[in-house]
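Here are some exercises to work through with the structure open beside you. Try each task yourself before you read its solution.

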Amino acid sequence: MDTPQSLTGALATEKPLQIVGAINAYAAILAEHAGFQALYVSGAGVANWSYGLPDLGMTTRDEVLEDVRRITAVTDSPLLVDIDTGWGSALNIARTVHKMEDAGAACVHIEDQVGSKRCGHRPGKTLVSANEMADRLKAATDARTSLEIMARTDAIAVEGTDAALTRAARYVEAGADALFVEAAPEPATYRRFAELGVPVLANMTEFGKTPLATTKELAANDVAMVLYPLSASRAMAAAAEAVYHEIRGQGTQAGCVHQMQTRDELYRHLDYATYEQRIDRLFDNQQADDDTPQRQY
């Protein structure tokens, strides 16, 4: 794959830029074919889907990188990656940035929770100081070559919006290219953060503290990017659960076949015919070589 464009560069083609979560390479292909111009690797998505774990900071950098590499291998769309708190000290954060760049990520977001983090829409979150978060950002921005660095603040739910704004200003001063404002109570909240002069991301995750809003509503409040981190994967999980129960209960999948993607649809998304044609050419050439008389000496 070619080097992807920057995430904020994609804003030139779409604003607000819709960024959709992809839990694996095939999901990334489906998202691109649906027209999305930017993709996301969620820390929760990696934990839940790749390792069967809750989103409590239990996955490692290398485990997240594995999913990143699989996605960037099949797409050129800019990829935003959740790196939680950076996996350690300033040196570890710098190493994370280098590895994410090597893996093809366009942007990472790093947050101001303590290392033993919580889901952004769960109670019990604890934050590091604004200065410590600024140090995380400086370590990240000093290490990067082209990777964009987004600062996520979880302070609204812990300290209130005014305190979160003060923190966000400090993060922009420390070099953040964009702001991820977690658990905003209403769309109008984002406008206050946009006044800090960098693009603001609104997280439209379901079943959380932030009411779901349309792109039109968010654009009216100066939101530059809208994130749908696990929307498709939640639907996948519900569909899989229903199919498993149908097969187990009925002894056949016949009653839910209509809910499935067909074999032809799968092959179309994967460009299966092109791969088959390559195999056919390879075997045609091999057969031709086998049929060529061998010169005797």
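The exercises below concern a predicted model, and each is followed by a worked solution.

**Exercise 1. The barrel**

Task: Find in which order the strands close into a barrel, and whether the pairing is parallel or antiparallel.

Solution: Start with the overall order. The barrel is closed by 8 strands, in the order β1-β2-β3-β4-β5-β6-β7-β8, and their pairing is parallel. From one strand to the next, the twist averages 25 degrees.

Next, look at where β1 meets β8. Strand β1 (residues 17-21) pairs with strand β8 (residues 225-228) in the parallel sense, over 4 bridges. Here Q18 stands opposite V226 in β8.

Finally, step back to the segment before β1, where P16 is found. K15 and P16 are joined by a cis peptide bond, with omega at about 0 degrees.

**Exercise 2. Strand β3 and its neighbours**

Task: Work out which residues of β3 are buried on each side, then trace its pairing with β2 and with β4.

Solution: Begin with the pattern to expect. In a regular strand, side chains alternate between the two faces of the sheet. In β3, L79 and V81 lie on one side and L80 and D82 on the other; all are buried, so both faces are covered.

Then turn to the partners. Strand β2 (residues 38-41) pairs with β3 in the parallel sense over 3 bridges, and L39 has L79 as its bridge partner. β3 and β4 run parallel and are joined by 3 bridges, with D82 opposite H109 in β4.

Now follow the chain into the loop between β3 and α4. D84 lies in this loop and has a positive phi near 50 degrees, although it is not a glycine. D84 counts as buried because its relative accessibility is 5%, under the 20% cut-off. W87 lies in the loop between β3 and α4 too, and its phi is also positive, near 65 degrees.

**Exercise 3. Helix α4**

Task: Check the span of helix α4 against the value expected from its residues, and say what its buried residues pack against.

Solution: First the length. Helix α4 (residues 90-103) has 14 residues, which at 1.5 Å a residue should span 20 Å; the C-alpha atoms at its ends are 20 Å apart, so the values agree.

Second, the buried residues of α4 are I93, A94, T96, V97, M100, E101 and A103. An α-helix has 3.6 residues a turn, so residues three or four places apart point the same way.

Third, these buried residues pack against α3 (61-72), β3 (79-82), β4 (107-111), α5 and β5 (148-153). Just after α4, G104 takes a positive phi of about 100 degrees.

**Exercise 4. Nonpolar cores**

Task: Which members of the largest nonpolar core touch the most other members?

Solution: This core has 58 residues, and V81, M100, L137 and Y190 touch the most other members. Helix α5 (residues 130-143) gives the most to this core, with 6 residues. Another core, of 16 residues, lies apart from it; A10, A38, M150 and A178 are among its members.

**Exercise 5. An aromatic pair**

Task: How are Y267 and Y272 arranged, and are they buried or exposed?

Solution: A pair of aromatic rings is described by the distance of the centres and the angle of the planes. For Y267 and Y272 these are 4.0 Å and 20 degrees, and the pair is stacked. Y267 is partly exposed, with a relative accessible area of 26%, and Y272 counts as partly exposed at 34% relative accessibility.

Notes
Residues numbered from 1 in each chain as written. Predicted model: local features only at pLDDT ≥ 70, side-chain atom pairs only at ≥ 80, totals over all residues. Heavy atoms only, no water. Core = buried A, V, L, I, M, F, W, Y, C linked by side-chain atoms within 4.5 Å. Buried < 20%, exposed > 50% of the residue type's maximum accessible area, 1.4 Å probe, protein only. Helix = DSSP H or I, 4+ residues; strand = E, 2+ residues; numbered from the N terminus. Expected span 1.5 Å × (residues − 1). Contact = heavy atoms within 4.5 Å. Pairing = 2+ DSSP bridges. Axes fitted to C-alpha atoms, helices over the stretch in contact; angles between N-to-C directions. Phe/Tyr/Trp six-rings, centres within 6.5 Å; stacked < 30°, edge-to-face > 60°.
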